[in-house]
Amino acid sequence: MLKTEGLDSLTLDRGLVVFKLLSHHLADLTTEDFKRFRHELRYSKQDEHRISWLELENADRTDTAHLMAERFSSQAVEVALDVLKSINCASTAHSLRTEWEKEVGTQSGTSPDYQSEYKEAVQQKHGKVEPYEASPWEEHGLSSSYIRLHLQTKGGAGDLAGRRRQLVRQRTTDRDCEDLETLLDSGRPQVLALLGPAGMGKSYTAKKVMLDWAAPGKHYSAFDYIFLLDCQKLSRRAQDASLAQLVCEECAALRPVLQSVFESRVLIVMDGLDFVEFATGEVPEMDAFSKKPISVLLQGLLQKRLLSSGQHYSLLVTIRPAIADQLKKCARVDQWVEILGFSEENLQEYFQHQGLAAQACEEVRSNESLLSLCAVPLTCWVVCTLLKQQGEGGEGLLGAPTYSITCVFISYIYIILKHHHSSSSPEEAAGALRSLSRLAKDGLARRKREFDVKDVEAEFGGVHRVPTSFLNKCGYRCGVRRVEVYSFTHPALQEVLAALFYASDASTGPLNGFLSASLQPGHAHQRDMVQYLFGLCHPHNWALLAPFHLASSASLTPRLKNWMKEAVTLTNRNPEDTYFLLDLLLCLYEFQEEAFTTQTVGALQEVRLQCVFLKKRDFLALRYCLQHCQASQLPRLLLHFCNLRSKEAKK
């Protein structure tokens, strides 16, 4: 009989219930099934309380129920369910599970609604989000602040980085899609991969899926449960874990019904899969209660090797395009979806939500590189944050000494390295930043925007060490051959990183060579980098880069001032070169050193701009330079066939 010494009444009652349920359901088994049940039971997962074959060999159904209730306590039912499933007694397992769930509710005095309780836990955990670099009290509601992102289903795995929009026009079956719910509600289990570079909103979208399901209504009604696995967080976990353990860490209330939960319609969201390094080949079969290394556990989920009812669950995986080919080696992906970021309409909605609609839109539209990069939600957040800190009544982001265009890009790099890089170590992030800046510099020196896959992976020490926060792997067809290359996520980002290389190089040789070459005919493409070099003279930018062990070269500012003197001499010799003169004005505007601006503009014989469409930033640079020029030294101003009646000119 059951041992009752030292047990309180609740535990005793629960033990008797377990015993009666097991006795009743074991009696339903045939003689052959009961024999198989005892053989499987001795290999149960409860290793520390395993029942030996010596005890089971001559045990009848009542004896076996006694042994299980005494040895496993309330876990005896879960053990029995596992064993019944392994011997293909599904109907008995279903009956046992149903009666056990009723008994659990009866003993607690309620009829528990486990799904509602879990939904409440989801809303509490994911309903609020903290912005980057937030104070402990800063947070906002995710549902109210989420702005719809432009999604596009992919016709195949080939065009993952949007390369077709820039280089080649291929016939594809890519199409816009309204939302993920429509794709996931297909009536059958599937694996859906959500692609997007760092800062594009993949994690926000994953959490929004959770909240939509948990909120009142019928969103994602195709699933009884949705679970979110944070792969970035899990990748730092040293201990082995099981899926059941991870679920219970999110909501302990599900523990009594985990087996039935896993047999229901489940969607598992694996966010940030690029942080996990997988082994090659298939993993062995396992169940949801088996503890395994995190990489093995996640790989088992992808390969549908984890749950015995694996055919019943779907997966939503978020991943960066650069390693999408690695996902294909681990799982059969049914649908690829790419996040293209904010549309222009949604971009304005984001700024309006931040209370900066008119001002922010003007700032962004005045710079083509910034405008294209603002499709990435992270860049929008950087712009809004800098504008808010600048305060009301200022010139705006482009007219402020500290928050220049260079500052926007350096802030973007800082957030990516700190919050989206695969390694949390500042030393490893610093090494990656140095390698990236060198790669960017070498590429632009040879006018290369694309890099050989083998060269890049060798530079960073393997495919899993490539900083996919900054680099995309692009694929396209060249005849019958498929070519894969790496490229920076944005052309302007490559230019800023190259400027960082020159600005931080202690030796003067590379910087001197680059600046001298930029003054030569045929090197106008380098002058955007020169503008970023002038912007990098501000200490604020180097304060952001200090955690990554980058510091400005002592020769940077003196060498740039000498370059400007040489450039002024050249423009005085050739005043018709409107674009060269405009580049000089933009460099002074980015530099924001008034005394030097006064001296430089005073040395110009004339400011002649002709047959050029001036953007808002061009007008701001022109105004800034003329305002800081002494009246006695004011050069002759000639503006021919420029858009002086435009909206930008009036502002």
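# Exercises on a predicted protein model

Among the elements that cover the buried residues of helix 14 are strand 6, helix 11 (231-234), helix 12 (243-250), strand 7, strand 8 (313-319) and helix 15 (324-330). The structure is a predicted model, and the exercises below begin with this helix.

## Exercise 1: Helix 14

Task: Determine how many residues of helix 14 are buried, and list them.

Solution. Begin with the count: seven of the nine residues of helix 14 are buried, so the helix is largely enclosed by the rest of the structure. Next, find these residues in the sequence, where they are I294, L297, L298, Q299, G300, L301 and L302. Finally, look just past the end of the helix, where K304 takes a positive phi of about 55°.

## Exercise 2: Aromatic pairs

Task: Classify the ring pair of Y118 and Y225 from the distance of the centres and the angle of the planes, and state which parts of the chain the pair ties together.

Solution. The whole structure contains 17 aromatic pairs. For Y118 and Y225, the ring centres are 6.0 Å apart and the planes stand at 45°, so this pair is tilted. To see what the pair connects, place each residue in its element: Y118 belongs to helix 7 (residues 114-126) and Y225 to strand 6 (residues 225-230), so the pair ties together parts that are 107 residues apart in sequence. Then check the surroundings of each residue: Y118 is buried, with a relative accessible area of 3%, and Y225 also counts as buried, at 9% relative accessibility.

Now carry out the steps again for F262 and F289, whose rings form an edge-to-face pair, with 6.1 Å from centre to centre and 70° between the planes. F262 lies in helix 13 (residues 258-262), while F289 lies in the loop between strand 7 (266-271) and helix 14 (294-302), so this pair ties together parts that are 27 residues apart in sequence. Here F262 is buried, with a relative accessible area of 4%, whereas F289 is partly exposed, with a relative accessible area of 28%.

## Exercise 3: A ring cluster and charges over rings

Task: Name the residues that ring pairs link into a cluster with Y118, and find which charged end sits over the ring of W213.

Solution. Starting from Y118, the ring pairs link Y118, W213, Y225 and F227 into a cluster. Turning to W213, the charged end of K119 sits over the ring of this tryptophan, 4.9 Å from its centre. In another such arrangement, the charged end of R42 sits over the ring of W53, 4.8 Å from the ring centre.

## Exercise 4: Strands that pair

Task: Work out the strand order of the open sheet that contains strands 10, 11 and 12, and identify its edge strands.

Solution. The sheet is open and is formed by three strands in the order 10-12-11, with antiparallel pairing. Its edge strands are strand 10 (451-452) and strand 11 (471-478), each of which pairs on one side only. Follow strand 11 to its partner, and you find eight bridges joining it to strand 12 (residues 481-488), the two running antiparallel. One place to look is C474, which stands opposite V485 in strand 12.

For a parallel case, take strand 13 (residues 606-610), which five bridges join to strand 14 (residues 636-640). In this pairing L609 stands opposite L639 in strand 14. Strand 13 is mostly covered, since four of its five residues are buried.

## Exercise 5: Cysteines without a bond

Task: Explain why C248 has no disulfide bond.

Solution. First recall the general idea: a disulfide is a covalent bond between the sulfur atoms of two cysteines. The closest cysteine sulfur to that of C248 is in C251, at 8.3 Å, which is too far for a bond. The search of the structure agrees, as it holds zero disulfides. As for their surroundings, C248 is buried, with a relative accessible area of 9%, and C231 is buried as well, with a relative accessible area of 0%.

## Exercise 6: One side of a helix

Task: Decide how the buried residues of helix 2 are placed around its axis.

Solution. List the buried residues of helix 2 (residues 31-41), which are D33, F34, F37, R38 and L41. They cover an arc of only 140° around the axis, which puts them on the same side of helix 2.

Definitions and conventions: Residues are numbered from 1 along each chain as its sequence is written. This is a predicted model: local features need pLDDT of at least 70, side-chain atom pairs count only at pLDDT 80 or more; totals for chains, interfaces and linings use all residues. Side-chain values use heavy atoms; hydrogens and water are left out. Rings of Phe, Tyr and Trp (its six-membered ring) pair if their centres lie within 6.5 Å; planes under 30 degrees apart count as stacked, over 60 as edge-to-face and the rest as tilted. Buried means under 20% relative accessible area, exposed over 50%, partly exposed in between (1.4 Å probe, protein chains only). A charge sits over a ring if NZ of Lys or CZ of Arg is within 6 Å of the ring centre and within 35 degrees of the ring normal. Two strands pair if DSSP finds at least two bridges between them. A disulfide is a pair of cysteine sulfur atoms within 2.5 Å. The arc is that of the directions from the helix axis to the C-beta atoms. Contact means heavy atoms within 4.5 Å.
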